[in-house]
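Trainee: I would like to learn how to read a protein model step by step. Could you show me the model and then take my questions in turn?

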Amino acid sequence: IMIDIIFENISVNTQKVCTYKFYDSLIKLDVRNSKGEKIEFTPKLVKADKLRSDDWVIVGPGRSFKRNFSLSQKIMDSTGRRLPPGHYSIKVIYDGCSKFDPDLPEMMLESSWFYLMVTD
């Protein structure tokens, strides 16, 4: 299952999006089963280096920046198993780079909930 994450700049100003260790640490998943119970993931320990200029993407006004990832693989890597068949609700959370550089302002973006049925 491939997930596209699109950062759309709806402002009139240029925005910067941090992409440092994007898939390992900036993207979090809130996955809940049909009963609303959260599926826990084992967090990955990420060692941070100094942020560089190429760890940022500039998104102009009215423009978008897109990244995608395999939801199936991310869940498998995090939990060591596949999702069992059932209905799930999923929210993607982008956590900015302030955890790597305390001089940066905190930034957190959340997607809308989307719903998925796993059959097998």
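Mentor: What follows is a conversation about the overall fold, the disulfide, the core and a few single residues.

Trainee: What should I know before I start, and what kind of model is this?

Mentor: This is a predicted model, in which local features need pLDDT of at least 70 and side-chain atom pairs count only at pLDDT 80 or more, while totals for chains, interfaces and linings use all residues. Residues are numbered from 1 along each chain as its sequence is written, and side-chain values use heavy atoms, with hydrogens and water left out.

Trainee: How many helices and strands are there in the protein chain, and which pattern do they follow along the sequence?

Mentor: Helices (H or I, at least four residues) and strands (E, at least two) are DSSP runs, numbered from the N terminus. Here the protein chain has 2 helices and 8 strands, and along the sequence they are arranged as β-β-α-β-β-β-α-β-β-β. Taken along the principal axes, the C-alpha atoms fill a box of roughly 45 × 35 × 20 Å.

Trainee: How should I read burial and contacts, and what percentage of the residues is buried?

Mentor: A residue is called buried under 20% relative accessible area, exposed over 50%, and partly exposed in between, using a 1.4 Å probe and protein chains only. By that rule, buried residues make up 33% of the 120 residues in the protein chain. A contact means heavy atoms within 4.5 Å, and among the contacts with a separation of 6 or more, 78% come from residues 24 or more positions apart.

Trainee: Which cysteines form the disulfide?

Mentor: In general, a disulfide is a covalent bond between the sulfur atoms of two cysteines; for the search, it is a pair of cysteine sulfur atoms within 2.5 Å. The whole structure has 1 disulfide, formed by cysteine 18 and cysteine 97 with their sulfur atoms 1.7 Å apart. The pair links distant parts of the chain, since cysteine 18 belongs to strand β2 (residues 15-18) and cysteine 97 to the loop between β6 (86-95) and β7 (108-110), 79 residues apart. The link of cysteine 18 and cysteine 97 is left-handed, with -75° about the S-S bond, and both cysteine 18 and cysteine 97 are buried.

Trainee: What is the largest nonpolar core, and which residues have the most contacts inside it?

Mentor: A nonpolar core is a set of buried Ala, Val, Leu, Ile, Met, Phe, Trp, Tyr and Cys residues joined through side-chain atoms within 4.5 Å. The largest one has 27 residues, and Leu71 and Tyr94 have the most contacts inside it. At least two residues of this core come from each of β1 (2-8), β2, α1 (22-26), β3 (27-33), β5 (64-70), α2 (71-79), β6 and β8 (114-118), with β6 giving the most, 4 residues. Leaving aside neighbours within four places in sequence, tyrosine 94 is in contact with residues including Phe7, Val17, Cys18, Phe22 and Met108.

Trainee: Is lysine 74 buried or exposed?

Mentor: Lysine 74 is found in helix α2, and it counts as buried because its relative accessibility is 17%. Beyond its neighbours within four places in sequence, lysine 74 is in contact with Tyr23, Ile27, Leu29 and Phe69.

Trainee: Why does arginine 32 count as partly exposed?

Mentor: Arginine 32 counts as partly exposed because its relative accessibility is 25%. Arginine 32 is found in strand β3, and, with neighbours within four places in sequence left aside, its contacts are Glu37, Lys38, His87, Tyr88, Ser89 and Trp113.

Trainee: What is the phi of lysine 21?

Mentor: Most residues other than glycine have a negative phi, and most peptide bonds are trans. Lysine 21, in the loop between β2 and α1, has a phi near 50°, a positive value in a residue other than glycine. Lysine 21 is partly exposed, with a relative accessible area of 30%.

Trainee: Where does leucine 116 lie, and which residues is it in contact with?

Mentor: Leucine 116 lies in strand β8 and counts as buried at 18% relative accessibility. Leaving aside neighbours within four places in sequence, leucine 116 is in contact with Ile1, Leu71, Gly86, His87, Tyr88 and Ile90.
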